[in-house]
Amino acid sequence: MKRDLTVKVAGVTFPNPVIAASGVYGFGECYTDLYPLSLMGGVSCKGMTLHKRDGNTPPRIAETSSGMLNSVGLQNPGVDTFINTHLPRLKRDGNVIIANIAGETVADYAEIAKLLDSTDVDMLEVNISCPNVKKGGAAWGVTAEGAASVTKAVRAVTKKPLMVKLTPNVTDIVEIAKAAESAGADAISLINTLLGMRIDIRTKRPILRNNVGGLSGPAVFPVALRMVWQVAGAVKIDVVGMGGINSAEDAVEMMLAGAKAVQIGTAIISDPLAPLKIIGGLEHYMDTNGIKRIADITGTARPW
């Protein structure tokens, strides 16, 4: 049986639904000695800001029993370096590229989006959900008004497909998603990390210098799945699911819940081959269940 793994998100066609999440693949240079990035559906590049950021002071990574905490703090070389150095190489290799953008002010987001509008990135992912920065970041994603203001400003300066990445650290994820949709988003991606911490019992200090950080990995998967289910049932635009996906079975669950595609994050850090294994697992799932098009399973889970 011939398999069709292609999916379409906000009008952009991905060769398969497995995308590297922002932050784990850098700007496409991290694992290219193992396999070409084009084997994945696409790459969401490391979150970029208007100007270079050094990120937070170490230590900024802490392991947990079922995932990890990070407070990297959007370390990146700035949007100009991305456009002039990284993007030409990424597109030359035939990859579908999502540019993840962040800012301290609404004007920052708009300026970055305007700069990227004339490039050949395939999609913008507006990060209003990073919990590890003092200004901006998740501050814009915790209210419907904040989410709408950033989305509207970015929409006004770009014709690129626009995906808004949401934080789970809110009381009503559906309200935030609807606000982004109303302000012009073409897709929603969720979830970013949950806020957490660890304490060193010997020093009696938090392990992370930032005190708290974003929790990712298998521990957050049930929360992410629930939020994807809720948002996919409430908006008319496309949804991309992420958060603790560690296997093909997890990816299938996310798609059944309503995701058009999935992003893989922490799993890649522990196993750089995780995306390829998940793609292979999806192929096996299709074969054993007589599924010709993987896109056909999106949103087919039924409530009791």
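Is I245 buried or exposed? The model on screen is a predicted one, and this residue is a convenient place to start.

**Stop 1: I245**

Select I245, in the loop between β15 (238-242) and α6 (248-257). Its relative accessibility is 3%, so I245 counts as buried; the cut-off for that label is under 20%. Now add P218 to the selection. I245 and P218 are 27 residues apart along the chain, and their C-alpha atoms are separated by 6.6 Å.

**Stop 2: the second largest pocket**

Keep P218 selected and add N246, T266, A267 and S270. Of the residues that line the second largest pocket, these five lie nearest its centre. The pocket has a volume of about 310 Å³, and its lining comprises 22 residues. Sorted by class, that lining has 10 nonpolar, 9 polar and 3 charged residues. To see where the wall comes from, colour β5, β6, α7 and α8 (274-289), each of which supplies at least two lining residues.

**Stop 3: β5 and β6**

Two of those elements are the next selection. Strand β5 covers residues 61-64, and strand β6 covers residues 67-70. A hairpin of 2 residues joins β5 to β6. The two strands run antiparallel and are joined by 4 bridges. For one of the pairings, show A62, whose bridge partner in β6 is L69.

Which residues of β5 point to the buried face? Turn on the side chains and follow the strand: they alternate, with A62 and T64 pointing to one face, where they are buried. I61 and E63 point to the other face and are not buried.

**Stop 4: the largest pocket**

Stay with β6, since the strand also supplies at least two residues of the lining of the largest pocket. The other elements that each do so are β14 (213-216), β16 (261-264) and α7 (266-270). Which of the elements gives the most to this lining? Select α7, which contributes 3 residues.

To find the middle of the pocket, select S22, G23, V24, N70 and T193, the lining residues that lie nearest its centre. In total 39 residues line the largest pocket, and its volume is about 690 Å³. The lining divides into 19 nonpolar, 17 polar and 3 charged residues.

**Stop 5: helix α5**

Next, select residues 221-232, which form helix α5. The helix has 12 residues and reaches 16 Å from its first C-alpha to its last, close to the 16 Å expected at 1.5 Å a residue. Show the side chains of F221, A224, L225, M227, V228 and V231, the buried residues of α5. Then turn the view to look down the axis of the helix: these buried residues fall within an arc of 165 degrees, so they line one face of α5.

**Stop 6: β9 and its neighbours**

Finish with strand β9, residues 162-165. How are the two faces of β9 covered? On one side L162 and V164 are buried, and on the other M163 and K165 are buried as well. This can be set against β5, where I61 and E63 are not buried.

Add strand β8 (residues 123-127), which runs parallel to β9 and is joined to it by 4 bridges. Within this pairing, E125 has M163 of β9 as its bridge partner. Then add strand β10 (residues 187-190), which pairs with β9 in the parallel sense over 3 bridges. Here the residue to show is K165, whose bridge partner in β10 is S189.

Definitions and conventions: Residues numbered from 1 in each chain as written. Predicted model: local features only at pLDDT ≥ 70, side-chain atom pairs only at ≥ 80, totals over all residues. Heavy atoms only, no water. Buried < 20%, exposed > 50% of the residue type's maximum accessible area, 1.4 Å probe, protein only. Pairing = 2+ DSSP bridges. 1 Å grid on protein atoms, 1.4 Å probe; cavity = no way out; pocket = protein on both sides within 12 Å on 5 of 7 lines; lining within 4 Å. Points joined across faces, edges and corners; volume = space filled by probe spheres on them. Nonpolar A, V, L, I, M, F, W, Y, C, P; charged D, E, K, R; others polar. Expected span 1.5 Å × (residues − 1). Arc of directions from axis to C-beta.
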